[in-house]
Amino acid sequence: AGEAAQTEVVSEENKSLIWTLLKQVRPGMDLSKVVLPTFILEPRSFLDKLSDYYYHADFLSEAALEENAYNRMKKVVKWYLSGFYKKPKGLKKPYNPILGETFRCMWIHPRTNSKTFYIAEQVSHHPPISAFYVSNRKDGFCLSGSILAKSKFYGNSLSAILDGEGRLTFLNRGEDYVMTMPYAHCKGILYGTMTLELGGTVNITCEKTGYSATIEFKLKPFLGNNDSVNQISGKIKLGKEVLAHLEGHWDSEVTITEKKTDVSETFWNPTSDIKQRRLPRYTVKFEEQDDFESEKLWQQVTRAINNKDQTEATQEKYILEEAQRKSAKERKLKGEEWTCKLFDQDSVTGEWHYKYADTRPWDPLNDMIQYEKDGTIQTKVRHRTPMVSVPKIKRKPSSQKKGECGFSSPEPDNQDSSGSEAQLLKHNTRVRKKGADLGELQSAIESIKETQEDIKRDIMALRNRVTSNSSSVDYHFLQFKHYVLILLVILLQLIINFLFK
């Protein structure tokens with residue numbers, strides 16, 4: 001923790017690379033089209049980097065069960081802060097994802113025996129937009145969003161701005177928590193020591209409950225000491241009323257002070273014990289990855305960086321970027337639009353949605369296990385039920401278009417479901433699955449027929465009982481009528497006889 005972990009002393013060789021870079025730029029310029037030197041690259045993709053927020057996804061599992069709305073917001077804020085302390089040493093920037101690049105992974109929750117799945121895709125190159133979707137239906141939450149990465153150069157410093165928002169949803173409550181992200185600020189590019197910090201004010205809001213949180217990430221002041229590095233301050237509010245204050249450092253301890261009691265306590269602190277309890281993350285086996293999955297796509301660049309061969313890393317990076325430019329030119333000549341694999345863009349709002357999102361609350365009687373196959377997060381169920389799509393909430397526009405991909409956390413009895421089987425095996429699997437589905441459907445129909453016959457028999461028995469009871473009453477009633485009628489006839493006969501005597 002602290003400034004030492006985010007500081008890098010640049011060698012003379014790399015300083016010359018920086019000067020070469022600076023000749024291409026001017027203050028205020030967007031650096032998204034500028035080729036950065038590989039010595040500042042973290043050997044993994046930005047899509048992978050975004051997954052760091054879910055090593056403590058069990059905090060969200062706890063929040064989903066929390067009945068008190070205020071405590072629920074506090075647990076969401078705690079989870080949000082847990083996504084920052086895991087960082088590389090020095091000043092490092094992940095790879096800019098290639099258009100169509102995907103990344104998939106999952107975390108296992110030992111306490112709830114559930115899984116949190118993460119799916120990300122680079123859906124646009126200019127501007128660079130990364131879309132992501134996270135789901136754990138069993139524990140009752142999902143999260144989606146898209147990030148537009150922008151860079152600004154200011155002379156001796158530059159800022160990496162992450163424009164966009166994430167939307168956390170608790171499935172059983174229909175609550176959305178909308179959140180933004182801080183920006184990364186690098187200073188000391190021309191003179192001094194290069195240091196990376198986080199800055200800006202972020203908001204977490206839940207419109208349904210009225211609770212919100214504001215957190216300010218503070219840059220180190222010019223005359224600040226080591227204690228003023230990585231500072232944050234924040235508030236948790238209900239409407240306009242402030243309920244609690246947050247103070248501390250985003251990479252170490254944060255305290256909370258409740259306004260009503262004025263009592264302060266530790267809110268979040270990534271101690272060694274906490275770090276050891278991080279959820280285990282699982283990625284796709286390298287040999288089972290698609291060619292456009294992050295690890296396989298960037299493998300040559302990563303190998304060169306790990307071998308400290310900056311020349312080869314730069315060359316391999318150039319090969320990838322040149323292939324991307326060539327593909328873009330070919331599509332333009334043919335008049336073709338890029339089609340995304342896993343995400344669709346709303347033509348009205350411009351926001352990106354995961355094609356296979358399932359936001360139904362978990363049904364313990366019907367839902368058995370959630371798993372991921374070829375980029376599609378699915379749920380194995382006992383009985384098929386119709387999918388009810390949740391209306392998408394309208395938000396501000398972004399840019400670009402549509403598509404399909406591969407990892408898997410299979411069902412326990414399915415050893416290889418990562419999409420690497422031969423076409424014939426896939427076809428046979430589909431045929432068997434359809435046969436099994438038809439068998440289930442047939443047995444369900446037979447069961448319904450048997451139930452209908454039982455109901456018919458019950459109705460007939462009931463009718464017979466009612467009919468026998470009513471006929472008995474009618475029989476006695478008709479007998480009484482007959483007696484009356486006979487008496488009337490006899491009386492009438494006597495009157496006639498009397499009149500005609």
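Begin by selecting α4, residues 69-81, in this predicted model: ten of its 13 residues are buried, so the helix is largely enclosed by the rest of the structure. Colouring the buried positions of α4 will pick out Ala69, Tyr70, Arg72, Met73, Lys74, Val76, Val77, Trp79, Tyr80 and Leu81, a set that includes the side chains of Arg72 and Lys74 alongside those of Trp79 and Leu81. Viewed along its length, α4 reaches 19 Å from its first C-alpha to its last, which is close to the 18 Å expected at 1.5 Å a residue. Which residue caps the N-terminal end of α4? Select Asn68, whose side-chain oxygen lies 3.0 Å from the backbone nitrogen of Tyr70 and caps the helix there.

Next, keep α4 on display and add β7 (141-153) and β8 (157-170), since each of these three elements supplies at least two residues of the lining of the largest cavity. The volume of that cavity is about 140 Å³, and among the 14 residues that line it, those closest to its centre are Tyr53, Tyr54, Phe132, Leu143 and Met181. If the lining is coloured by class, eleven residues appear as nonpolar, two as polar and one as charged.

From the cavity, move to strand β6, residues 129-136, and select Ser130 within it. Is Ser130 buried or exposed? Its relative accessibility is 2%, and a residue under 20% is taken as buried, so Ser130 counts as buried. Showing the side chain of Gln122 as well brings up a polar contact of 2.6 Å between the side chains of Ser130 and Gln122.

Stepping back along the chain, select Pro127, which is found in the loop between β5 (114-124) and β6. The peptide bond to inspect here runs from His126 to Pro127, and it is cis, with omega near 0°.

On the other side of β5 in sequence, the loop between β4 (102-109) and β5 holds Asn113. The backbone of Asn113 deserves a look, as its phi is near 55°, a positive value in a residue other than glycine. Asn113 counts as exposed, with a relative accessibility of 62%.

A second positive phi can be found by selecting Lys308, in the loop between α7 (299-306) and α8. Phi of Lys308 is near 60°, and this residue too is not a glycine. With a relative accessible area of 70%, Lys308 is exposed.

Continue from Lys308 into helix α8, residues 310-334, where Ala328 is found. What is the exposure of Ala328? Ala328 is partly exposed, its relative accessible area being 36%. To place Ala328 against the chain that follows, draw a distance from its C-alpha atom to that of Trp338, ten residues apart along the chain, and the separation reads 8.6 Å.

Finally, zoom out to the protein chain as a whole, which has nine helices and 22 strands. Of its 501 residues, 43% are buried. With the surface turned on, the protein chain exposes about 28,200 Å², of which carbon and sulfur atoms supply 57%.

Methods:
Residues numbered from 1 in each chain as written. Predicted model: local features only at pLDDT ≥ 70, side-chain atom pairs only at ≥ 80, totals over all residues. Heavy atoms only, no water. 1 Å grid on protein atoms, 1.4 Å probe; cavity = no way out; pocket = protein on both sides within 12 Å on 5 of 7 lines; lining within 4 Å. Points joined across faces, edges and corners; volume = space filled by probe spheres on them. Helix = DSSP H or I, 4+ residues; strand = E, 2+ residues; numbered from the N terminus. Nonpolar A, V, L, I, M, F, W, Y, C, P; charged D, E, K, R; others polar. Expected span 1.5 Å × (residues − 1). Buried < 20%, exposed > 50% of the residue type's maximum accessible area, 1.4 Å probe, protein only. Polar contact = N/O pair within 3.5 Å; in protein donor to acceptor, adjacent residues only side chain to side chain. Areas by Shrake-Rupley, 256 points an atom, 1.4 Å probe, with all protein chains shown as cover.
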